[in-house]
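Morning, everyone. Let me put the model up, and then we'll walk through it.

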Amino acid sequence: MKPWTRWLGWLGLFGLGMLFLLVSRLPGEPEAEPPLLETRLLMGTLVSISTWGVEEKQAEAAMEQAFAEMSRIEGMMSRFIPTSPVSGLNDAPRGAFHTVPAELISVVSKGLEIGQLSGGAFDIGLGPLSDLWGFSREPPPETPPAPDALKKWREERDRTPGPGIELASDNRLRLTGPAIGLDLGGIAKGYAVERAMEMLRQAGVVNALINAGGDMRIAGSKGGKPWHIGLRDPRKPDGVVAVMDLTGSKALATSGDYERFFMADGVRYHHILDPKQGGSSRSGLMAVSIQAADSLTADALSTAVFVLGESAGLALLQQFPGCEALLIREDGQMVQTPGFVATRSKTP
Ligand code: AMP
Ligand code: MG
């Protein structure tokens, strides 16, 4: 195995949800003092936080606050936690306005904005469709939903104009039809990671890396050396298709058809849904990675660009200056925007 693919051993234990791999060091580079690392199961994925350059007690307290913040946001934005405001909204009769936390309004607003710019490809109102497919269920599904159920959803969705989510003053929000339900799975993790990094910063940690499945946030460096991040091969869990050396304040998110999926009759069904088709997106891509200034934007855009596909996806990115992308086509070919930072990238 080449030295640059010598990632932290334990990461290999957790296949699901690991779209990034931490690569230990580049060839010829001296070993730096290792970062402090802590991992928890949160938001349906393994979240790890690495900090560097802060003494252990301070780092541990900071990490505790960062994990607590992510857990708080999960408690507000998860549709799987019955007491969350999102569940409250989803379970309530349609049509009436509900008062929700201002934070939820701001994430929903951002989701609606990207939904509009993507022509509806990014759709935070597709909760009932996600429920039909059930990719978040345990055990995961093995067959597609019944065609009748999908047809019923389609007919109901077509009766509801626009995104089916309306905002009003004083933090009020309503869902306008039975085919609409909030699913913030494509954006809330990015928000949570962004907030977690802010918690670390407030606690005096300036060098850190947060890895939450498909969402990664970097601050500072690892003893003056960049954080090395490997991007997973979409078809080989222990293969790496790109290595990035990142320093400073940066976000990186990946959406892939290999994170939650099942195969049926030789067809891959995965969790990124095309609201127009009512099923897994078939846009010709296996993975999309976005580099951006913040995790919320990177998270939402990686999902949106995945659904739009190469041509419309890259056009959407033009509206987000400073955001860069690496796309992996279904044939394995990779496409990068000129500003995407990668030390090495090779077609799998
Ligand atoms: P990500 O892994 O960030 O691409 O997000 C995938 C998750 O976002 C899924 O598990 C769903 O919860 C949700 N999702 C799926 N399809 C879409 C879509 N077209 N627009 C917005 N969210 C979606
Ligand atoms: Mg996303």
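First, a word on labels: helices here are DSSP runs of H or I, at least four residues long, numbered from the N terminus. With that numbering, P139 is in the loop between α4 (127–133) and α5 (147–159). Keep in mind that this is a predicted model.

Stay on that loop for a moment. The peptide bond from E138 to P139 is cis. Its omega is near -5°. Most peptide bonds are trans.

Now a second backbone point. Look at the loop between β2 (36–42) and β3 (45–51), where you'll find M43. What is the sign of phi at M43? Positive, at about 50°, although M43 is not a glycine. Most residues other than glycine have a negative phi.

On to the ligands. Ligand 1 sits in the largest pocket. There are 16 residues around ligand 1. D123, D183, S255, L273 and T303 come nearest. How does the shell around ligand 1 divide into nonpolar, polar and charged residues? Seven are nonpolar, five are polar and four are charged. Which helix gives the most to that shell? Helix α7, residues 295–308, with three residues.

Next, the polar contacts of ligand 1. Each of the three I'll show uses an oxygen atom of the ligand. D183 brings a polar side-chain atom, 2.9 Å away from a ligand oxygen. G186 uses a polar backbone atom, and the distance there is 3.0 Å. H271 has a side-chain N or O atom at 3.3 Å. Then there is burial. Taken alone, ligand 1 exposes 500 Å², and the protein buries 93% of that.

Now the metal. Ligand 2 is a magnesium ion. Which protein atoms are its donors? G186 gives its O. D299 gives both O and OD. T303 gives OG1. These donors lie 2.0 to 2.7 Å from the ion. Water is not among the atoms, so the site may look incomplete.

Along the chain, the donor spacing reads G-x112-D-x3-T. Look at the D and the T of that pattern. D299 and T303 both lie in helix α7, four residues apart, about one turn of the helix.

To tie the two sites together: G186 has a backbone contact with ligand 1, and G186 is also a magnesium donor. T303 is among the residues that come nearest to ligand 1, and T303 is a magnesium donor too.

That's the tour. Over to you.

Conventions:
Residues numbered from 1 in each chain as written. Chains lettered and ligands numbered in written order. Predicted model: local features only at pLDDT ≥ 70, side-chain atom pairs only at ≥ 80, totals over all residues. Heavy atoms only, no water. Near = heavy atom within 4 Å. Polar contact = N/O pair within 3.5 Å; in protein donor to acceptor, adjacent residues only side chain to side chain. Areas by Shrake-Rupley, 256 points an atom, 1.4 Å probe, with all protein chains shown as cover. 1 Å grid on protein atoms, 1.4 Å probe; cavity = no way out; pocket = protein on both sides within 12 Å on 5 of 7 lines; lining within 4 Å. Sits in = over half its atoms within 2 Å of the grid points. Helix = DSSP H or I, 4+ residues; strand = E, 2+ residues; numbered from the N terminus. Nonpolar A, V, L, I, M, F, W, Y, C, P; charged D, E, K, R; others polar. Donors = N, O, S within 2.8 Å, 3.2 Å for Na, K, Ca; no water.
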